[in-house]
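Trainee: I should like to take a close look at a single part of this structure and then follow it outwards to the elements around it. May I ask for a connected explanation suited to a first-year student?

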Amino acid sequence: MIDHILSVLIFFPALAGLFGFMVQKDGIRAYGVAVSVVEFALSMVLWFSFDSNVSGMQFMEHIPLLPSFGINYTLGVDGISLFIIILSAFFTLLGIASLTETKNEKNMIVTLLFLQMTMVGVFAALDAIVFYVFWELSLVPMLYIIGAWGGPLRIYASIKFFLYTFAGSLVMLVGMLFMAYFYFQATGVWSFAILDWYRLILPENLQLWLFVAFFIGFAIKVPMFPFHTWLPYAHGQAPTIGSVILAAILLKMGTYAFIRFSLPLFPDAASFFMIPVAILAIIMVIYTAMVAYAQKDIKQVIAYSSISHMGIIIIGTFALNVEGISGSVFLMLGHGVVAGALFLLVGVIYDRRHTKIMSEFGGLAHVMPRYATIFGIMMMASVGMPLTINFVGEFLSLLGFYKQSHILTLLAGTGIIVGAIYMLAAYKKMFFGELTNEENKNLPDVNKRELSALIPLVIIAIWLGIYPKPVLEPINNSVEAIVQLMHNKAITPEAKSRIPSVIDNVQVINTSAREAH
């Protein structure tokens, strides 16, 4: 089974979801948890079987679909995608186990299992068309989750989410078709294999246009400024589980795709656009941090803070060196854990009070000490407190970009300071002071079911903050190969100088899908 473990990880949840329709309503929660436990166990098998010393793709699968058009079912993982796959399995398990939705519970759990299929598919696909199919399919379950279980503006939020991301994806698809065409011109063979495309060295003017086509699709998904306006609506109207999966996994598709596609395919364009993209990311960091400070709804505070932290990931990615890109991948994991936990925590208080307005609270630490403690820990992780998971990722991301621009890195750092201000202000409003609202005086503290979802996230946030090596080392090895590949392909002197050669004997990614197979 280990030879086809990626296919099992992709299709097992969807197949189980189909059988879920036949399960009795009373047993669907247990069934969903059992399926997600198996999926998470399989992701652990993938990790334990993964060779951390190999920088290239592992567990590759290759099945011809339309070979005459170069479309094949090609899968593989490296250190960059491995942990995001594990994170998606982990959050699906936590989401189903802690689910509080009682309306159409069966439909919700089946939808989450189908969403799991699309998430793993995106991070495992090494064929552009297969990647695109999973990328687009991921919109459908999330559209349904927001539209069926969301708040009063759920239809507006779900349609806006769908139209933004779908429009960006179409532009990205055009870029993919052009890449396949240029590969055909160069070799006489059609191929949509990403590893085949890595061998193409395109003229700088073509790189610039194609980079923009891919950038639009990825930037909307992140979402980068000024494409970010769909996300606060999606978070604000989505049920708790929708916000958790969206923040923890779905946003990472965009940042992951930059590293998988944009950097290695278009190194000269990435160097050319490095400063403009970094400026957009810094605007994203500072502007959304300031907007977060002005919010009255705690869920909106976390939604805007999520966008702000995604800006740091973009800055690390476009540092174009090992420190920055490794930091951005690690911060993807940290952001997933911390933002996912914070949205779960908002769900806990919303279930009790059915409001997210911070002025309705105050003094909660007196009646919900366990809740206040966990919220405080995850808030500190969110602002990048040393010895927490986000600190490692933010430090490496900013360190990497510091080598490219001292001033822009300093500006990005001010955004983190603003982040600490608004998170501490929000925490003060909700948890400190006198307990004046009568409705809050008898609120129950977190129960065992809620603790079972929150405690593992607290442990991960602290463990990987203190000892990140087990995760950072495989990431680093794969990032070294990507950076070396970019350096080797770069044409212009400016790109050569910005993209460092890593080490002479680094194992560069095997650039032929067929050879790897």
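In which loop does Pro226 lie?

Mentor: Please keep in mind that the model is predicted. Pro226 belongs to the loop between H9 and H10. Pro223 is found in the loop between H9 and H10 as well. Each of these prolines follows a cis peptide bond: one joins Val222 to Pro223, with omega about -5°, and another runs from Phe225 to Pro226, with omega near 5°.

Let us now consider the helices that this loop connects. H9 covers residues 204–221, and H10 covers residues 230–237. Both H9 and H10 are among the elements that cover the buried residues of H6. Those buried residues are Leu139, Pro141, Met142, Ile145, Ile146, Gly147 and Trp149. H4, H5, H7 and H11 also contribute to this cover.

H10 leads us next to the largest pocket, which holds about 410 Å³ of space. H10 gives two or more residues to the lining of this pocket, as do H6, H11, H15 and H16. Thus H6 and H10 appear together twice: both help to line the largest pocket, and H10 helps to cover the buried residues of H6. The lining comprises 24 residues, and those nearest the centre of the pocket are Gln237, Ala238, Pro239, Tyr350 and Lys356. Gln237 is placed at the end of the residue range of H10, 230–237. H16 supplies the largest share of the lining, five residues. In chemical character the lining is mixed, with eight nonpolar, nine polar and seven charged residues.

The second largest pocket offers a useful contrast. Its space is about 230 Å³. Its lining has 13 nonpolar residues, with no polar and no charged ones. Among the 13 lining residues, Trp47, Ile86, Leu87, Ile460 and Leu464 lie nearest the centre. H2, H3, H16 and H21 each give two or more residues to this lining, and the largest share, four residues, comes from H3. H16 therefore deserves attention, because two or more of its residues line the largest pocket and two or more line the second largest pocket.

H16 also has a place in the interior. In soluble globular proteins, nonpolar side chains tend to be buried together. The largest nonpolar core here has 196 residues, of which Phe131, Trp197, Phe261 and Met378 touch the most other members. H16 gives the largest share of this core, 18 residues.

Trp197 shows how distant parts of the sequence can meet. Beyond its neighbours within four places in sequence, Trp197 is in contact with residues including Met176, Tyr183, Phe214, Phe261 and Lys489. Phe214 brings us back to H9, whose range is 204–221. Phe214 is also in contact with Ser262, a residue of H12. Ser262 has a relative accessible area of 0% and is therefore buried, since the cut-off is under 20%. Its other contacts beyond four places in sequence are Phe211, Phe218 and Ala257, if we again set aside near neighbours as defined by that rule.

Loops elsewhere repay the same attention. Leu320 is located in the loop between H15 and H16, and has a positive phi of about 65° although it is not a glycine. Leu387, in the loop between H18 and H19, likewise has a positive phi, near 75°. The surroundings of the two differ: Leu320 is buried, at 0% relative accessibility, whereas Leu387 is exposed, with a relative accessible area of 54%.

Finally, let us turn from helices to strands. S1 and S2 pair in the antiparallel sense over six bridges, and Leu66 has Ile71 in S2 as its bridge partner. Four residues lie between the strands of this hairpin, where Gly70 takes a positive phi near 75°. In a regular strand the side chains alternate between the two faces of the sheet. In S2, Ile71, Tyr73, Leu75 and Val77 are buried on one side, and Asn72, Thr74 and Gly76 are buried on the other. Seven of the seven residues of S2 are buried, so this strand is largely enclosed by the rest of the structure.

Definitions and conventions:
Residues numbered from 1 in each chain as written. Predicted model: local features only at pLDDT ≥ 70, side-chain atom pairs only at ≥ 80, totals over all residues. Heavy atoms only, no water. 1 Å grid on protein atoms, 1.4 Å probe; cavity = no way out; pocket = protein on both sides within 12 Å on 5 of 7 lines; lining within 4 Å. Points joined across faces, edges and corners; volume = space filled by probe spheres on them. Nonpolar A, V, L, I, M, F, W, Y, C, P; charged D, E, K, R; others polar. Buried < 20%, exposed > 50% of the residue type's maximum accessible area, 1.4 Å probe, protein only. Contact = heavy atoms within 4.5 Å. Core = buried A, V, L, I, M, F, W, Y, C linked by side-chain atoms within 4.5 Å. Pairing = 2+ DSSP bridges.
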